[in-house]
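Subject: Structure for your review

Dear colleague,

Please find the structure handed over below. I would be grateful if you could keep it open while you read the notes that come after it.

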Amino acid sequence: MVVRRLLNLPSKFLTAVQKISVLQHAISTHLPSRTGDPMPVQRNLDPIMHPFARARERTRALNAAKMERMFAKPFIAALEGHIDAVETLARRPESVTDVASGSWDGEIVLHNIARRVQVMKIPSAHKGKLSGLCWADESRLLSCGVDKSVKMWDIRRPVDTSSSEAGPSELKPSAVFPGKTPFNGVAHHWSDPVFATASNVVQIWDENKNSPVMDITFSTSAESVTSIRFNPSESSILASIGSDRTFTLYDIRTGRAERRIVMKMTSNDLSWSPTFPTSILLASEDHNLYTFDIRKLSQPSQIYKAHVAAVMSCDWSPTGTEFVSGGWDRTVRIWKEGKGTHPEVYHTKRMQRVLSTAFTADARFVLSGSDDGNVRIWKANASEKLGVVTARERAAIEYRDSLKERWKMDQEIGKVQRSRHIPKPVYKAAQLKRTMLEAQRVKEERRRKHTRAGESKPTAERKKVVLSEQT
Amino acid sequence: MENLVTKAKTSVPKSLRGYDPPPPGARRHSHITNSKLRIRLDKQAVQSARAQAMVKDAEMLASNEAGKFETEGQMERTWRISQDEIIKVIGAEAAKGRKEMVLEGGPYRVRYTRNGRHMAIVGQTGHVATFDWQTGTMHSEIQLRETCRDVTFLQDQSMYAVAQKKYVFMYDRDGVELHRLKSHLEPTRLEFLPFHWLLASVGLTGFLKYQDTSTGQIVAEHRTKLGACHTLAQNPHSAVLYLGHANGTVTLWTPNMSEPIVRLLTHLGPVNSVSIDSSSCGRYIATAGADGTVKVWDCRNWKGAVREWSSRGGAAQVEWSQRGLLAVASGGTINVHSRPSIYELFTTHVQPPLYLTHPIPHRPLVSLRFCPYQDILTVGHTLGLSSILVPGAGEPNFDSTEADPFEIRRTRREREVKGLLDKAILQIQPDMIVLDPDFIGSLAPQPKTDASSSSSVPFARLPRLARLQTSGKADETELDVDEDDSGSERDSEDAEQKTSLRREEEKKRMRGRNKSVKRYLRKQRKNVIDPKAIAIREKLRKDREARKQARDAANGSAPTAKYKPSVLDRFKRSA
């Protein structure tokens with residue numbers, strides 16, 4: 001505060017009136033009024049007052065990027081329980097913590113991921129491989145296997161596994177639906193008591209009936225259907241993928257296969273977007289993931305490239321802005337919707353081929369089930385701090401985030417942000433893949449150079465994916 | 001420095017924010033077809049427009065007014081007003097800034113901390129003292145009993161360095177010796193670069209040495225090859241050091257270059273003092289030489305001094321204040337000149353109009369420092385120190401995230417840690433000390449090779465911009481706008497001038513025949529193969545040839561070189 005004293009003093013030296021004042025800062029306004037109060041802050045945003053503002057901000061951004069990498073400890077826990085590979089994961093509706101997992105030895109385990117314990121275990125739910133698992137509602141679970149049956153389990157009937165000494169008393173299925181062929185997948189309708197199974201045909205079942213209500217096939221299809229999902233929004237729409245490299249859309253109201261596309265390679269998993277009803281994600285054998293808009297099936301809306309082996313599974317985050325994928329290359333990757341490269345990569349020494357992945361309902365955690373029989377819990381955001389975050393800390397985190405966003409184009413900062421340590425085999429495989437693709441590209445370019453101009457034009461990557469579209 | 005912001009403000013979720021209409025100045029990018037990109041650019045534009053509006057608001061909050069020194073009536077002059085009269089007018093509290101300290105062992109040199117609260121003095125015979133001059137508390141007072149030539153605070157008042165007879169020594173707040181920096185031999189002047197944590201010294205050996213005070217490393221040692229050096233100043237905006245030498249040159253140094261980045265012949269005879277105008281981001285510097293002249297230089301072009309005059313009483317000392325007042329101490333007087341007239345180009349060698357003058361009879365006046373955020377000028381001389389009041393010298397609104405005169409112990413510690421973090425391991429690297437500190441974070445220049453020249457590169461391998469340009473889809477409007485937006489006002493002016501010149505050129509160059517067609521061709525993109533343009537070029541070529549032939553025929557010289565005999569000539573009809 002400047003105390004200005006304007007005194008009109010008639011001076012004997014000067015005839016005119018002077019205006020003189022000298023800077024004075026009143027201490028009282030610049031110190032906290034009581035002990036313990038914060039220091040009052042005075043700002044002056046004139047750039048002259050802030051030399052090296054940009055350089056300092058860059059250093060801060062670099063530090064923020066490095067801190068993010070330092071704090072990136074995504075692995076939380078491994079949930080044991082299965083003896084064989086974990087084939088499917090199904091998150092329980094209306095619950096943030098409960099997830100059911102089914103394995104190749106026909107076992108179902110219900111995990112509570114908050115307490116990291118098994119809530120329930122059904123040791124031999126199916127003979128042989130359990131191939132599909134889904135929830136009918138909060139308490140009933142549907143499973144199918146290669147033993148040609150679909151079973152419904154009511155988990156409200158508790159089974160005490162620990163107390164019974166004379167052999168584990170098994171939970172009996174509340175219903176069994178026998179089929180004629182081994183099942184590859186099951187999906188329950190989002191509201192009606194109807195479910196669909198995938199074998200060599202797609203079958204629609206009523207919960208109260210013992211035999212399928214309806215068989216749906218595409219007219220020329222002969223191969224088996226590997227996986228099936230209901231659309232969460234337009235609930236009569238059904239999507240399936242088959243081993244004959246097809247992706248098919250059905251409508252159970254008409255009872256017909258409406259559309260089908262044949263792709264270059266077969267898909268291993270599919271997942272409907274929870275926020276965009278027309279968007280569907282396919283995990284393909286050709287190392288890529290594809291999102292399709294079902295209104296335009298001629299080409300994918302985005303290709304996601306980073307895996308170095310077949311992608312085995314995928315699942316959307318409940319927010320619809322991210323999704324997780326697990327691959328044969330023993331990595332779990334988390335992708336931003338619409339950003340086709342540089343996903344977050346998770347791996348551990350002991351994790352084998354990832355066969356199933358899932359996001360938790362609060363979008364904060366990711367689950368992966370792998371060949372080694374463990375279900376692993378990961379943070380969806382690797383450097384996120386778990387536990388209570390104070391307001392001051394939250395402000396600092398937000399400031400750091402905005403710095404990282406602002407400076408991501410800087411060479412050094414971008415490099416810190418992008419680079420990930422990955423296991424040597426994955427790294428080598430990526431290198432090899434890159435070399436092969438580069439060689440292919442060069443070869444094509446040379447070939448084009450020596451053909452008549454305009455005769456062979458390069459095809460866009462997206463247009464290579466779909467071979468034919470059938471209705 | 002988000003932690004200095006006392007109230008932690010976290011962002012409110014979008015759903016709770018409420019609608020805030022975009023400010024009217026925000027640019028729209030409706031010409032961009034890609035909706036994702038368009039929306040992102042629009043958002044950015046809105047955000048920057050909002051930020052600008054908020055800066056305007058913040059300016060209103062910076063309410064403190066600078067000191068004032070005006071007379072009413074055209075005939076009165078401010079320099080006629082003496083210190084006694086000023087003191088009479090401003091009142092007792094403000095008058096405390098006017099001090100006379102009579103000390104033995106002079107001449108004395110003086111230095112303030114960056115926040116202006118603390119003061120370090122050193123007498124030539126070894127009397128060193130640091131104190132909080134406002135409260136009058138002494139931190140340390142030591143008698144070193146050897147020649148001391150300079151003193152400087154390090155990051156804050158908790159440490160200081162003294163240039164002693166043979167080495168530089170570091171002391172803590174209480175005057176306990178911390179380090180003897182034995183690589184700095186016979187130092188004469190010290191400077192501390194606060195954002196890089198570098199202590200720089202020059203000495204009788206003619207070496208300029210940078211030492212990192214946080215790690216202890218010697219970052220750079222430059223041999224000036226110009227002998228003993230007694231003048232050192234830093235540009236606070238670029239951390240470039242200015243050395244004045246005995247042969248009359250001023251050299252500019254950065255740690256990463258072993259040669260001076262600028263070498264400027266300023267005076268005939270030794271340079272006595274250099275000072276940099278921080279109010280103009282170091283655009284102007286003032287030098288004073290032993291030849292008795294004071295010169296002001298424009299650092300954008302070094303073509304001669306903007307203004308020069310001779311100081312009475314021999315070699316002068318110069319110093320700029322935060323708000324751009326220039327103090328010149330020579331002989332037994334201190335003259336202060338105010339802003340616009342110092343910069344104005346003036347061919348005759350007359351002193352610019354005086355703002356304030358004050359006689360000090362204790363020659364020589366060796367050190368001159370303005371106190372930051374105060375209207376005080378302190379002069380070190382043979383008999384001690386004198387502080388005089390210079391209304392309007394100091395910046396009235398300090399920024400407490402940068403330098404707070406009222407900081408308490410906790411904030412001082414926090415600032416120290418934050419400063420170290422901002423310096424980080426790679427520092428704001430010493431290599432990043434350059435003349436223009438804003439090059440960080442600016443766009444990289446366009447690569448020189450353009451798309452058309454590198455025809456061997458297939459289309460798919462071209463950079464995105466080149467591909468867009470080739471297919472005629474590049475957004476040229478955006479490029480122009482970016483040029484205008486980037487940089488300071490001056491830059492944008494320059495850019496605008498350049499573009500207008502280019503346009504002018506395009507318009508005016510209409511010599512010769514066939515103007516409109518040529519202009520059309522020039523305007524065509526070179527790399528676009530357009531049948532129309534090709535046809536026109538072909539036609540022009542034919543015209544040119546025909547003209548040339550006609551000219552040759554008129555001259556009588558047949559185009560012999562062009563004629564190639566053919567076997568079919570025998571069938572030609574003889575005309």
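The notes below describe what was found, beginning with one whole chain and then turning to single elements and residues.

Please keep in mind that this is a predicted model.

**Chain B as a whole**

The secondary structure of chain B consists of ten helices and 29 strands. Chain B has 575 residues, and 45% of them count as buried. Its exposed surface comes to about 31700 Å², with carbon and sulfur atoms supplying 53% of that area. Among the contacts in chain B with a separation of 6 or more, 46% are between residues 24 or more positions apart.

Chain B is divided into three parts: domain 1 (23-47), domain 2 (90-389) and domain 3 (443-473). The C-alpha centres of domain 1 and domain 2 of chain B are 49 Å apart.

**Helix 2 of chain A**

Helix 2 of chain A covers residues 53-70, which makes 18 residues. From its first C-alpha to its last it reaches 25 Å, close to the 26 Å expected at 1.5 Å a residue. The buried residues of this helix include Ala55(A), Leu62(A), Ala64(A) and Ala65(A), and also charged-type names such as Arg56(A), Glu57(A) and Glu68(A). What covers these buried residues? The cover includes helix 3 (391-406) and helix 4 (411-418) of chain A, together with helix 5 (409-423) of chain B.

**A patch made by both chains**

Ile27(A), Leu31(A) and Ile408(B) make a nonpolar surface patch of about 200 Å². Ile408(B) is placed in the loop between strand 29 (384-389) and helix 5 of chain B. With a relative accessibility of 31%, Ile408(B) counts as partly exposed.

**Three residues of chain A**

Pro300(A) is found in the loop between strand 21 (288-293) and strand 22 (302-305) of chain A. Is Pro300(A) buried or exposed? Its relative accessibility is 0%, so Pro300(A) counts as buried. Leaving aside neighbours within four places in sequence, Pro300(A) is in contact with Tyr290(A), Thr291(A), Phe292(A), Arg462(A) and Val465(A). Pro300(A) and Leu281(A) are 19 residues apart in sequence, and their C-alpha atoms are 9.4 Å apart in space.

Arg116(A) also has its place in a loop, between strand 5 (108-112) and strand 6 (117-122) of chain A. Arg116(A) is partly exposed, with a relative accessible area of 47%. Not counting residues up to four places away in sequence, Arg116(A) touches Ile76(A), Ala77(A), Leu79(A) and Ile377(A). From C-alpha to C-alpha, Arg116(A) and Ser143(A) are 23 Å apart, with their positions 27 residues apart in sequence.

Lys424(A) lies in helix 5 (residues 424-449) of chain A. Lys424(A) has a relative accessible area of 60% and is therefore exposed. Its C-alpha atom is separated by 43 Å from that of Met152(A), and the two residues are 272 residues apart along the chain.

**Salt bridges**

Side chains of opposite charge can pair when their charged atoms come close. Over all chains, the structure holds 54 salt bridges.

In chain A, the side chains of Arg295(A) and Asp293(A) meet in a salt bridge, at 2.9 Å from N to O. Arg295(A) counts as exposed at 65% relative accessibility, whereas Asp293(A) counts as partly exposed at 22%.

In chain B, Arg412(B) and Asp156(B) meet in a salt bridge at 3.0 Å, N to O. This pair links distant parts of the chain, 256 residues apart: Arg412(B) is in helix 5 of chain B, and Asp156(B) is in the loop between strand 7 (150-153) and strand 8 (159-163). Arg412(B) counts as buried because its relative accessibility is 16%, and Asp156(B) is buried with a relative accessible area of 9%.

Lys539(B) forms a salt bridge with Asp543(B), and the closest N and O atoms are 4.0 Å apart. These two residues, Lys539(B) and Asp543(B), are four residues apart in helix 10 (residues 531-555) of chain B, so they are separated by about one helical turn. Lys539(B) is exposed, with a relative accessible area of 53%, while Asp543(B) is partly exposed at 29%. Elsewhere, salt bridges that share partners join Glu68(A), Arg69(A), Asp401(A) and Lys404(A) into one network.

With kind regards

Methods: Residues numbered from 1 in each chain as written. Chains lettered and ligands numbered in written order. Predicted model: local features only at pLDDT ≥ 70, side-chain atom pairs only at ≥ 80, totals over all residues. Heavy atoms only, no water. Expected span 1.5 Å × (residues − 1). Buried < 20%, exposed > 50% of the residue type's maximum accessible area, 1.4 Å probe, protein only. Contact = heavy atoms within 4.5 Å. Domains from an automatic or database assignment. Patch = residues over 30% accessible without salt bridge, like charges linked within 9 Å, V, L, I, M, F, W, Y side chains within 5 Å. Areas by Shrake-Rupley, 256 points an atom, 1.4 Å probe, with all protein chains shown as cover.
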